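Visitor: I would like a close look at a single part of this model, the strands and how they pair, and then at what lies around them. Could you take me through it with some care?

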Amino acid sequence: MPWLGMDLTCRVPSTAQIAWALGDDEHHLVLELCQDTARDKTLAWLEESVAQIRWGSGGKHRKPIRDGLIVAVFRHYESRATESKPLLHDHAVVSIRARRPDGKWGNLSADSMLENIVAAGTLHTLYFMEEVSARLGCVWEPREVTPSRRPVMEIAGIDQRLIGWQSTRRQQIADAMPALVAGYEERQGHPPGERAAYALDCQAADQTRPPKRTVARSLSELRDCWRRSAIRVGACTVYRLAERARAAAAAVWARVRPAVDIALAAVETVAVVYAMRGAFKRRHLLAEARRHLTYVLRGQPHQPGLDEQMVQSVVDDYTRPVGRWMMTADLNALYPRDTEDQAALRPLTRVPSNSRYERARLAADALTAQVLAVRRGKERKTDVATVEQTRRTFEAVVKMAAKLQDGIRDRALAYGPRTPPGPATAPPPNTQQPDAQPGRTPPEESREQHPTRRSGRGQGGV
């Protein structure tokens, strides 16, 4: 059968799976609505910013598609684990056929879609977290699933026993890994590196994957089965999921104030991507920028276009081109005027005992600490300059006041005390005062009309 489309899978984090499967009917429906919204927003981004139609010899002509994508969505509820476990996920099958700008039908450029799968996945997670937090009041926290690997964002307050109950496929893969690692060491004579370990992990997943079930059950039957199974493992918090999630959210917001610092986000993004890849493309920065937003905001909404703004800041300030489409980190920009530290990033990213992600975090933390140190130094310099300027201003005011007092005293000794002026006589109507200039307001009148205006002398010390 010819290939007619591509299957894009949108799945939610494991703690959201637990809340969807074991929660009450209201939370169950709300989480499905959150999944619908996040999936549709992600597909809209792919449609508007990624999808291209190709034609001509070798697909040399490429343009944005016209009239959108053709997508069929299928929702599945359970995983392939031996014992049925909840796995809410959608299969969005995108048709390879689309319309060209001239109205004719052609084939979709599959490579442009597949290249942006990771960026689309991080966007789906970001949207889903925001929807859940807005509708249910939950907060998200990072959780380390595999040591020295990227953490995943999970709903705070979910019992760890429930997480272990739901993640049986991961345990099956972990149980199959020792035999595969031992075989690799026997063949190669050394332990597997990072890439080899990833390949062995995929091999273990293929070997332990059970066949698809042939007997379908209704969702209500599955939910009853999941609830009984979760209670059997001793997770008594099944009946208090929403209550515990709200309490955890209140505790997190009491100590966390989510805010995005564009400068720090740009430095951290370029450090992580550079340590992970060396040379990279814009889509790699975009995926990491969206991960940064999930870690920092924890479900709070982000401003539209903030991820693109972060990426543009990285490209403009901290990268240099190394090919037609590739770029890399500009170390001279990351370490300006500091020749001793220009090579500091390389040792951090090349520690053999650390995983690639651990090296990336070391580099990001080092650069972030440097930016904060520079900011503190500038703030101290600014404070000293302000104090010095204020001191000079006060000294000038004191000298001027003393000079005026000396002038008044010398004039009194030479000419005697001044006679108090008599009552002022109003000038006749339509008569110009002698000291006034045509077209200008006298100083006294100006001050009366603007009582809040301050003199330049007083502003200097503020």
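Guide: In this predicted model, β6 and β7, the latter spanning residues 105–108, pair in the antiparallel sense over three bridges, and within this part of the model Arg 99 stands opposite Trp 105 in β7. The two strands belong to an open sheet of four strands, whose order is β3-β2-β7-β6 and whose pairing is antiparallel. Its edges are formed by β3 and by β6 (97–99), each of which pairs on one side only. Neighbouring strands of this sheet are turned by 50° against each other on average, if direction is ignored.

The edge strand β3 (61–64) also leads to the second largest pocket, since β3 is among the elements that each supply at least two residues of its lining, together with α2 (25–50), α3 (110–115) and α11 (282–297). The volume of this pocket is about 660 Å³, and of the 18 residues that line it, Gln 52, Ser 112, Glu 115, Asn 116 and Arg 283 are the closest to its centre. The largest share of the lining, four residues, comes from α2, while by class the lining comprises eight charged, six nonpolar and four polar residues.

Further along the chain, helix α4 covers residues 117–136, and its 20 residues reach 28 Å from the first C-alpha to the last, which is close to the 28 Å expected at 1.5 Å a residue. The residue that follows α4 is Gly 137, with a positive phi near 75°.

Terms used: Residues numbered from 1 in each chain as written. Predicted model: local features only at pLDDT ≥ 70, side-chain atom pairs only at ≥ 80, totals over all residues. Heavy atoms only, no water. 1 Å grid on protein atoms, 1.4 Å probe; cavity = no way out; pocket = protein on both sides within 12 Å on 5 of 7 lines; lining within 4 Å. Points joined across faces, edges and corners; volume = space filled by probe spheres on them. Nonpolar A, V, L, I, M, F, W, Y, C, P; charged D, E, K, R; others polar. Expected span 1.5 Å × (residues − 1). Pairing = 2+ DSSP bridges. Axes fitted to C-alpha atoms, helices over the stretch in contact; angles between N-to-C directions.
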